[in-house]
Amino acid sequence: MTAPAVATDSVRADYLDRLGASDEEGAVAVALAALDEGLDVEAVLLDVVAEAQREVGERWAAGAWTVVQEHVATHISERVVSAVARHRPPPRPSGIGSISVACLDGEWHGLPARLLAEVLARYGWAVTFLGSSVPAGQMAAHLHEAGPDVVAVSSSLPSRLPAARRMVEACHASGTPVLAGGAAFGPDGRWSRAVGADGWAPDARAAAALLAEFSFRDDDGAARVDDSSRDEQTVLQARRGELVAGMTTALRGTSVDEQLHDDLGHLVDFLAAAVYVDDPALLANFLRWVGTVAVPGGLTRDELAPALDDLAERLRDSPRTVALLRSADVREACTPEGAA
Ligand code: B12
């Protein structure tokens with residue numbers, strides 16, 4: 001095989017420039033030229049578009065790009081994925097199998113799932129892309145009609161993990177195995193086991209390799225979440241509004257900053273997900289991430305420990321939640337060194 005005439009790094013840099021300039025036509029031209037110069041579709045999708053999108057996220061989190069710039073860039077990347085698919089259509093399904101790709105309920109990061117779908121089609125899978133935020137009930141109806149061999153569920157936010165369990169149960173009810181992926185399931189995929197998924201892969205290339213062997217885990221695919229975790233997570237979700245209001249007052253008195261309100265809502269969601277999978281690391285990762293984000297008006301690193309104290313006080317009837325809030329990993333993540 002001859003090496004492509006273009007280097008991925010320079011294509012990615014050009015592509016990011018075009019995103020930064022809100023130049024859709026230019027971004028499409030960069031991607032199609034890279035294909036014509038020998039970069040394969042998978043490389044353009046994963047090493048250019050996906051990597052550029054990660055950088056977009058870093059720029060937003062660092063306060064260098066506004067939400068609008070991020071939205072425009074993402075819209076352009078979606079158009080680029082379509083243009084790439086039109087320019088180099090996938091082969092006919094090879095008979096290797098059929099797979100439905102969907103995001104968890106409440107998960108609006110549809111682009112990662114779309115990239116996975118495009119890549120799997122290149123490996124001969126008959127792919128049905130169901131898009132963002134698919135409720136478990138809708139998935140059950142889809143499985144009844146379409147009967148794919150496998151379901152791939154994608155999620156970027158760990159706070160959506162309770163929805164993963166419902167999705168896995170809906171799939172298992174019809175005997176369909178579930179492959180999980182996306183940042184929500186943890187860097188090593190450990191939370192995919194907690195919700196009962198049959199397999200996990202870190203990226204689209206690894207997903208294709210795993211599916212080719214169909215070598216899912218040889219455990220029983222049973223969820224590891226117990227009733228007590230489930231109960232306390234339900235309490236947290238039910239009391240979300242009251243907990244957010246209480247923390248807002250404790251931290252900033254009568255302030256009504258919308259960003260703070262959103263961030264405290266995410267804090268409760270991530271706490272609920274951490275309780276659900278019984279792993280303080282999930283909450284600690286979120287707290288470290290908050291410590292690096294510079295969105296105006298948002299929750300600051302200094303406010304993390306008082307916010308957790310306020311939660312522990314209000315949630316004293318939920319022993320698992322309180323133990324998690326007081327765990328060393330979580331407390332350390334609130335300190336400047338821990339959050340660095
Ligand atoms: C674009 C974007 C959005 C868009 C999404 C639009 C769309 N159509 O996708 C919108 C505006 C909706 C959005 C909203 C939010 N976002 Co956002 N978003 C992003 C951004 C910049 C890019 C996403 C992307 O396309 N990534 C590129 C993909 C390809 O990478 P990937 O996820 O690693 O995917 C690969 C693998 O994970 C794997 N994979 C993915 N799915 C699957 C499935 C299976 C089965 C397998 C095997 C593999 C697999 O294959 C992919 C390709 O190899 C990311 C930054 C980032 N690092 O991703 C932030 C990011 C994910 N968002 C973030 C946040 C905080 C939010 C909001 C909470 C912001 C807010 N305050 O409202 C909301 C939440 C909305 C919701 N409930 O879903 C944070 C999450 C941080 C955290 N601690 O979890 C990030 C990381 C930004 C950051 N740097 O802080 N976002």
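These legends go with close-up views of a predicted model.

**View 1. A cobalt atom and its partner from the protein.** Start with the ligand and look for its cobalt atom, which has a single donor from the protein, His-109. The donor atom is NE2, 2.2 Å away from the cobalt. To place His-109 in the chain, look in the loop between β1 (98-104) and α5 (110-122).

**View 2. Helix α3 and the glycine that follows.** Here we look at α3, made of 21 residues, 41-61. From first C-alpha to last, α3 reaches 29 Å, close to the 30 Å expected at 1.5 Å a residue. After α3 comes Gly-63, with a positive phi near 80 degrees.

**View 3. Helices α4 and α5 side by side.** Helix α4 (residues 67-87) packs with α5 at an angle of about 10 degrees, and their axes are 11 Å apart. Angles under 35 degrees count as roughly parallel, so α4 and α5 are roughly parallel to each other. The α4 side of the contact includes Thr-74, Glu-78 and Val-81, while the α5 side includes Leu-111, Arg-114 and Glu-118. By class, this contact of α4 with α5 has four nonpolar, three polar and four charged residues.

**View 4. An open sheet of five strands.** Following the strands across the sheet gives the order β2-β1-β3-β4-β5, with parallel pairing. At the edges are β2 (126-134) and β5 (199-200), each pairing on one side only. Helix α5 appears again here, packing on the sheet and touching β1, β2 and β3. The direction of α5 makes about 175 degrees with that of β2.

**View 5. Strands β3 and β4, with a helix across the sheet.** Four bridges join β3 (residues 150-154) to β4 (residues 178-181), in the parallel sense. For one of these pairings, find Val-151, whose bridge partner in β4 is Val-178. Helix α9 (residues 204-213) lies across β1, β3, β4 and β5, and runs at about 165 degrees to β4.

**View 6. Helices α12 and α13 packed together.** The axes of α12 (residues 258-277) and α13 (residues 280-292) come within 8 Å and cross at roughly 155 degrees. Angles over 145 degrees count as roughly antiparallel, which makes α12 roughly antiparallel to α13. In α12, residues including His-266, Phe-270 and Val-277 take part in the contact, and they are met from α13 by Leu-282, Leu-283, Phe-286 and Leu-287. The residues of this contact of α12 with α13 divide into ten nonpolar, one polar and one charged.

Notes
Residues are numbered from 1 along each chain as its sequence is written. This is a predicted model: local features need pLDDT of at least 70, side-chain atom pairs count only at pLDDT 80 or more; totals for chains, interfaces and linings use all residues. Side-chain values use heavy atoms; hydrogens and water are left out. Helices (H or I, at least four residues) and strands (E, at least two) are DSSP runs, numbered from the N terminus. The expected span of a helix is 1.5 Å times one less than its number of residues. Donors are N, O and S atoms within 2.8 Å of the metal (3.2 Å for Na, K and Ca); water is not among the atoms, so sites may look incomplete. Axes are lines fitted to C-alpha atoms, for helices over the stretch in contact, and angles run from 0 to 180 degrees between N-to-C directions. Angles under 35 degrees count as roughly parallel, over 145 as roughly antiparallel, 65 to 115 as roughly perpendicular and the rest as oblique. Contact means heavy atoms within 4.5 Å. Ala, Val, Leu, Ile, Met, Phe, Trp, Tyr, Cys and Pro count as nonpolar, Asp, Glu, Lys and Arg as charged, and the others, Gly among them, as polar. Two strands pair if DSSP finds at least two bridges between them.
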